[in-house]
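Let's take a walk through this structure together, one piece at a time. Keep the sequence and the 3D view handy as you read.

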Amino acid sequence: MSLREQLCEYGRRAVELGLVIGTSGNLSVRQGDLVAVTPSGAALDRLTPEMCPIVDVEGYLVEGELQPSSETPMHLAVYETTDAQAIVHTHSVFGTVVATTMTELPPVHYNALLLGGVVRVAEYATYGTPELAANVRAALTGKRAALMANHGGVTIGATLEEAFEATRLLEWLCEVYVRGLGVGKPTILTDEQLAAVVERACNPPQFPRR
Ligand SMILES: [Zn+2]
């Protein structure tokens with residue numbers, strides 16, 4: 001699948017799963033110095049490959065008639081300082097709830113380790129600005145995910161599929177936390193408990209053969 005075809009596929013899935021509504025949210029995928037990104041102002045479930053602009057890592061439009069997403073500076077800033085090859089940004093409900101009420105998402109489930117443990121909430125700045133790009137970049141340091149204050153969430157991956165799955169996981173973790181608050185006080189996993197999970201994952205039990 002070409003980079004642009006991938007944007008169409010995962011844009012459609014993001015809408016289907018309720019991770020984005022209308023024209024909110026944007027995706028990008030990188031190959032070398034080129035980045036295919038979803039266009040500004042288009043519904044993510046109605047994209048065609050030709051609609052998706054291609055920019056270079058310096059932000060110059062290389063291909064496409066439509067303007068790149070207004071959040072493209074944030075995508076490019078993240079590519080500049082991480083090993084990300086794909087980025088997914090949404091305004092998913094539970095992620096936005098946490099981003100609106102907290103300064104970080106604490107690890108209430110060991111799967112949070114797949115995103116780097118605690119998920120930081122990047123400080124608020126107007127959408128599309130270099131300030132927001134810098135805040136998100138800082139919040140992503142050493143992580144696969146970040147939340148954006150009063151805005152939404154962002155995840156990175158080695159592929160668009162990986163970044164997309166990270167977004168689904170981020171939303172699930174936020175939902176568990178938010179729903180947990182309605183039942184009682186969620187228990188936060190300790191550093192020791194999380195270290196034990198890493199240890200276990202690195203040394204899985206070998207089942208003996210008969
Ligand atoms: Zn946004």
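Leaving aside its neighbours within four places in sequence, which residues is Arg120 in contact with? Bear in mind as you look that this is a predicted model. The list runs to Thr103, Glu104, Ala138, Ala139, Leu140, Thr141, Lys143, Ala146 and Leu147. Arg120 itself sits in strand E7, and at 32% relative accessibility it counts as partly exposed. Two of these contacts can be described atom by atom. The side chain of Arg120 reaches the backbone oxygen of Ala139 at 2.7 Å, and a polar atom of that same Arg120 side chain lies 2.9 Å from the backbone oxygen of Thr141. For a sense of scale, try Leu17: Arg120 and Leu17 are 103 residues apart in sequence, and their C-alpha atoms are 24 Å apart in space.

Now step back to the sheet. Nine strands make up an open sheet with mixed pairing, and their order across it is E4-E3-E2-E1-E5-E9-E8-E7-E6. At the edges you'll find strand E4 (61-63) and strand E6 (104-105), each of which pairs on one side only.

One of those edges already has a familiar name in it. Glu104, from the Arg120 list, is found in strand E6. Glu104 is partly exposed, with a relative accessible area of 38%. Setting aside neighbours within four places in sequence, Glu104 is in contact with Val118, Val119, Arg120 and Val121. Gly18 makes a handy landmark here too: it is 86 residues from Glu104 along the chain, and the two C-alpha atoms are separated by 23 Å.

Next, follow the sheet inward to E5. What does strand E5 (residues 86-90) pair with? On one hand there is strand E9 (residues 152-157), joined to E5 in the antiparallel sense over five bridges. Within that pairing, His89 stands opposite Val154 in E9. On the other hand there is strand E1 (residues 26-31), which also pairs with E5 in the antiparallel sense, this time over four bridges. Here Val29 has Ala86 of E5 as its bridge partner.

Is E5 enclosed or open to the outside? Five of its five residues are buried, so E5 is largely enclosed by the rest of the structure. In a regular strand the side chains alternate between the two faces of the sheet. In E5, Ala86, Val88 and Thr90 are on one side, with Ile87 and His89 on the other, and both faces are covered.

Just past E5, the chain enters a loop on its way to helix H3 (93-101), and Ser92 lies in that loop. Ser92 is buried, with a relative accessible area of 6%. Apart from its neighbours within four places in sequence, Ser92 is in contact with Leu19 and Glu171. With Glu171 the link is a polar contact of 2.6 Å between the two side chains.

What about helices against the sheet? Helix H4 (residues 130-139) packs on it, touching strand E7 (119-122), strand E8 (145-148) and E9, and the direction of H4 makes about 165° with that of E7. Look for Leu132, Ala133, Val136 and Ala139, which are buried in H4. These four cover an arc of only 130° around the axis, which puts them on the same side of H4. Among the elements covering the buried residues of H4 are helix H2 (72-81), E7, E8 and E9. Ala139 ties this back to the start, since its backbone oxygen is the one that the Arg120 side chain reaches at 2.7 Å.

One small stop remains between E8 and E9: the loop there holds Asn150. Most residues other than glycine have a negative phi. Asn150 has a positive value, with phi near 50°.

Finally, here is how a record labels this region. UniProt, in an unreviewed entry, places the feature "domain: Class II aldolase/adducin N-terminal" at residues 5-178. That span is 34% helix and 21% strand, and its end C-alpha atoms lie 34 Å apart.

Note on methods
Residues numbered from 1 in each chain as written. Predicted model: local features only at pLDDT ≥ 70, side-chain atom pairs only at ≥ 80, totals over all residues. Heavy atoms only, no water. Pairing = 2+ DSSP bridges. Helix = DSSP H or I, 4+ residues; strand = E, 2+ residues; numbered from the N terminus. Contact = heavy atoms within 4.5 Å. Axes fitted to C-alpha atoms, helices over the stretch in contact; angles between N-to-C directions. UniProt positions renumbered as here; feature names shortened; annotations may be inferred. Buried < 20%, exposed > 50% of the residue type's maximum accessible area, 1.4 Å probe, protein only. Arc of directions from axis to C-beta. Polar contact = N/O pair within 3.5 Å; in protein donor to acceptor, adjacent residues only side chain to side chain.
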